[in-house]
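Here is a short report on one protein model. It covers an annotated site, a ligand shell and two helices.

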Amino acid sequence: DVCVLGSFMKDLVASAERRPLPGETLHGTGFAEFLGGKGVNQAIAAARMGARTAIVGTIGEDRYGEEFLELLSSNGVDTSWIVRHPSLGTGVGLPLVLPDGGNSIIIVSRANAAITTADVEAAADVLTASKVLSVQLELPVDASHTALRLASTAGVTTILTPAPVGPVDPSLASYVDILVPNEVEAAALTGLDCNDESQVPMIARELAEDWDLRACVVTLGARGAFVLDRIGGFEERIAAHDVDTVDTVGAGDAFCGSLAASLADGAGLVDAVRLANAAGALSTTVNGAADSAPDRVAAAALLTS
Ligand code: ADP
């Protein structure tokens, strides 16, 4: 079983020819709504990969909150541990997308930022009964810290996606088994450059030692992933799948959700990373965030194609 602690973000995406000037009102060229937030994306990805999945987090008593409950339930995710904040609304993201694909994004965390240590402690049963807990850094650090501590102490395998990247408290790091940074996060945490292939193993080794990890998995976008298993004592570079990419938003979350699901199912780390690499690739062939994760059959088919 997988438990995810994380964020809920309703994205209201406007497209325009350019950014508005100060004081200007500009006609946009398009509009789309997506349900996302790293927590939701990872939970849906894990559930679609076949894991019994629960999500812990905070939403508002509003329409967007209802949309999340519907999407999660229809994907089989247990929503009973979600806390509804009485006054703050559900988190929103307001991206502006330009013709060249560039963007500017305002996010307002709202209910996500209000999750308390007590809220997380109230979910101790599901956190400690899971096989794998996956956490990111979009919620207040106290909440992430509490969840990782409760789970780790109970022998649950813990995965951290260090996004958005920032300084990480060593006591939080001590509860992490598997760290899954992308290229930007790996570079920020080590000062080394992932674009230089020869540095990728060094990045994973440095993080594994500094954080005293069981494993470090660096995701490398269109170049695939690198896995270092410190317990098994091996490293492996996994090449990316060649797919028709249309939107890379959520690839890392599809990867992590899939990784968590496979590990909960008893797979070995390298097999789990191979399937996650296929899930991440397939998620880039579909627009959107939470709704772009593939199911297990599709990911397994890509793996054997
Ligand atoms: P994030 O979304 O966090 O930036 P990445 O861009 O590293 O994470 O993507 C996560 C994983 O998704 C990669 O390790 C890879 O397995 C897969 N992936 C991402 N982009 C592509 C792509 N263009 N082609 C194939 N696979 C991809």
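The sections below go from the annotated site to the ligand and then to the helices.

## The annotated binding site

This is a predicted model. An unreviewed UniProt entry places the feature "binding site" at Asp 247, Val 249, Ser 283, Val 286, Gly 288 and Ser 292. These positions spread over 46 residues of sequence, yet they cluster in space. The largest C-alpha distance among them is 9.4 Å.

## Two site residues: Asp 247 and Ser 283

Asp 247 sits in a loop. That loop runs between β14 (234-238) and α9 (251-264). Is Asp 247 buried or partly exposed? Asp 247 has 16 C-beta neighbours inside 10 Å, so it counts as partly exposed. A residue needs 20 or more to be called buried. Beyond four places in sequence, Asp 247 touches Thr 284, Val 286 and Asn 287. Val 286 is also one of the annotated positions.

Ser 283 belongs to helix α10, which covers residues 269-283. Ser 283 is buried, because 31 other C-beta atoms lie within 10 Å. Leaving aside neighbours within four places in sequence, its contacts include Gly 250, Ala 251 and Ala 254. Ser 283 also contacts Ser 292, Ala 293 and Pro 294. Ser 292 is itself listed in the UniProt feature.

## The shell around the ligand

How many residues surround the ligand? There are 19. Those that come nearest are Thr 219, Gly 221, Gly 252, Gly 280 and Ala 281. Two elements, α9 and α10, give two or more residues to this shell.

By residue type, the shell divides into eight nonpolar and 11 polar residues. No charged residue is part of it.

## Helix α10

Helix α10 has 15 residues. At 1.5 Å a residue, α10 should span 21 Å. Its end C-alpha atoms are 21 Å apart, so the span agrees with the expected value. The helix is mostly covered, with 13 of its 15 residues buried. Ser 283 is one of the buried residues in the model.

## Helix α1

Helix α1 spans residues 38-48. Of its 11 residues, 11 are buried, so the helix is largely enclosed by the rest of the structure. Lys 38 and Arg 48 are among the buried residues. So are Asn 41 and Gln 42. The buried set also includes Gly 39, Val 40, Ala 43 and Ile 44.

What follows α1? Gly 50 does, and its phi is positive, near 100°.

Note on methods. Residues numbered from 1 in each chain as written. Predicted model: local features only at pLDDT ≥ 70, side-chain atom pairs only at ≥ 80, totals over all residues. UniProt positions renumbered as here; feature names shortened; annotations may be inferred. Helix = DSSP H or I, 4+ residues; strand = E, 2+ residues; numbered from the N terminus. Buried ≥ 20, exposed ≤ 12 C-beta atoms within 10 Å, placed from the backbone. Contact = placed C-beta atoms within 7 Å. Near = placed C-beta within 6 Å. Nonpolar A, V, L, I, M, F, W, Y, C, P; charged D, E, K, R; others polar. Expected span 1.5 Å × (residues − 1).
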